[in-house]
Amino acid sequence: MMNAQRKPSSVKSKKTNILLITSDQQHWQALGMHTPQLQTPNLDRLAREGTRFDRAYCPNPTCTPTRASIITGLYPSQHGAYTLGSKLPEDVPTIGDSLTPHGYDCSLIGKAHFQPLKSTEEYPSLESYPIMQDLDFWRRFNGPFYGFNHVELARNHTDESHVGQHYAIWMEEKGATNWRDWFSEPTGNIPAQEHTWNIPEEYHYNTWITERAEKRLKHLKDADQPFFLWASYFDPHPSYLVPEPWASMYNPDDIEIPPQGLDHIDTWPELVRRTQDPNATFEEWKEPAGSSNHGVHHHQIVEAKLRKDIAIYYGMVSMLDHYVGKLLQKLADLGLEEDTLIVFTSDHGHYHGHHGLVAKGPFSFEDGIRVPFLVKWPGKVPADKVSNDLQNLVDLTPSFLDAAGLPTPGSMAGKSQLPIWQGDDEEARKIISVEFRHQPTKLNMRIYVTQRYKLAIWNNPVEGELYDLETDPEERINKWHDPEMAEIRTELLQQALVAEMEKEPYRMPRVWGA
């Protein structure tokens, strides 16, 4: 099919390698450079050797929609995987479809989550029961999968019973024929664990992802083949569970609990207010009736438990950092560092007490939609720089294609941020768009963020949010109904409409007058 294209920023004489490293559900401040109590020496070093972008956002604060946006350059409302429990249609073009014809190897190792845990005849899923635990199938299957010619996958967070796929095969090949002793029933042999995971570190999925990514890098180095490699880690996504010594790394008594900021809760949207009411019901947001919505429930904050959970969360981040450091060292040892663009980020944020909330859900606050974002490319991306330029993960694929010297297909909505990564003063985006459509009709919201303001629109009931991030960085006061903000609200609504228009992709240019 004919497809309009946007030209790359420059032409490269040598093909650029691309290494994308992601965590899962990592608060944007869950880095040592932001939180000195937290030890992340390798990510801190990556930030010093490159540029840290402190205003990076996800296109959706849940896993599947954002992960699909990362590889398609489209928003969830465009690529089809609009919520958890949906799937990315296989016919949507991805980054691999653009890179592979130009000689690139495209590999994904770790978490995909492009498909749901349930498979139907109309919407089949390889990430579902029972096939994800058919190890004979996974011994034969390494792709293709959504434009990746090579994949090694897992589906479980911590000791979840969803364990299987290539991760289980790897444990068996490493001699851990008793791997079910470390995972919860019914797949595993034990009840769900809390805080301290009984798995030996040598069999943890951080070890697996790092080891397999290192092997893939060695293979590609020997083959002298340019690559896009996505090392997709699972932590620190709850449950809060990590093996020793990481489980004891942080003392809960030393943990600083973030302020809840509930003094102006009466200005917040109805659904958010109800999360703080133990007697509240949430039936009007369930579709069909009785179904579940992530985060749509009472969020009970018990200080002692919260301190312990955060301590374990920090341990998970520090363990992740350790293995990211190993992977980066392998890249350097193979002599690939100078020719590789490295990006570290997370698929969405996390609440651990902020605004009285835990984990994730349909909330507009920075804690859930803002993500860590580090970029390194020796000699091309400024080192030891901090930028507040607005970034959106939907822009990753266009930016990677630009770095590879390839145009962005017009069918993508994302914009190349490569010039900004390389130090250009001109912003690629003046407004960020974030979507959260968790149900077909009953739970849908849009969030728009500028350098100073945030606007959010809800469909059920029809409500709005407006925060001044300069004067109210903790987002305590919703000024949607403030008469003094009426003019600003109108201006932001206009900007939001323009942002929606700018999101529209196009499959071909206009070739004639009629």
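Visitor: What share of the residues of the protein chain counts as buried?
Guide: The model is a predicted one. A residue is called buried when its relative accessible area is under 20%. Of the 514 residues in the protein chain, the share that counts as buried is 59%.

Visitor: Which radius of gyration does the protein chain have, and why does it agree with a compact globule?
Guide: The C-alpha trace spans about 65 × 65 × 50 Å along its principal axes. A compact globule with 514 residues would have a radius of gyration near 24 Å, so the value for the protein chain agrees: 22 Å.

Visitor: Which helix gives the most residues to the largest nonpolar core?
Guide: That core has 139 residues, and F114, Y167, M171, F228, F400 and W421 touch the most other members. The helix that gives the most to this core, with 15 residues, spans residues 303-333 and is helix α9.

Visitor: How many residues are in the other core, the one with I431 and Y448?
Guide: This core lies apart from the largest one. Its members include I431, Y448, L455 and L466. The number of residues in it is 10.

Visitor: How far apart do the centres of the positive and negative side chains lie?
Guide: The protein chain has 50 positive side chains and 72 negative ones. Each set has its own centre, and the distance between the two centres is 5 Å.

Visitor: What percentage of contacts between residues at least 6 apart in sequence joins residues at least 24 apart?
Guide: A contact here needs heavy atoms within 4.5 Å. Among the contacts between residues at least 6 apart, the part that joins residues at least 24 apart is 71%.

Technical notes: Residues numbered from 1 in each chain as written. Predicted model: local features only at pLDDT ≥ 70, side-chain atom pairs only at ≥ 80, totals over all residues. Heavy atoms only, no water. Rg over C-alpha atoms; globule rule 2.2 N^0.38 Å. Buried < 20%, exposed > 50% of the residue type's maximum accessible area, 1.4 Å probe, protein only. Lys, Arg positive; Asp, Glu negative; His and termini not counted. Charge placed at Lys NZ, Arg CZ, Asp CG, Glu CD. Core = buried A, V, L, I, M, F, W, Y, C linked by side-chain atoms within 4.5 Å. Helix = DSSP H or I, 4+ residues; strand = E, 2+ residues; numbered from the N terminus.
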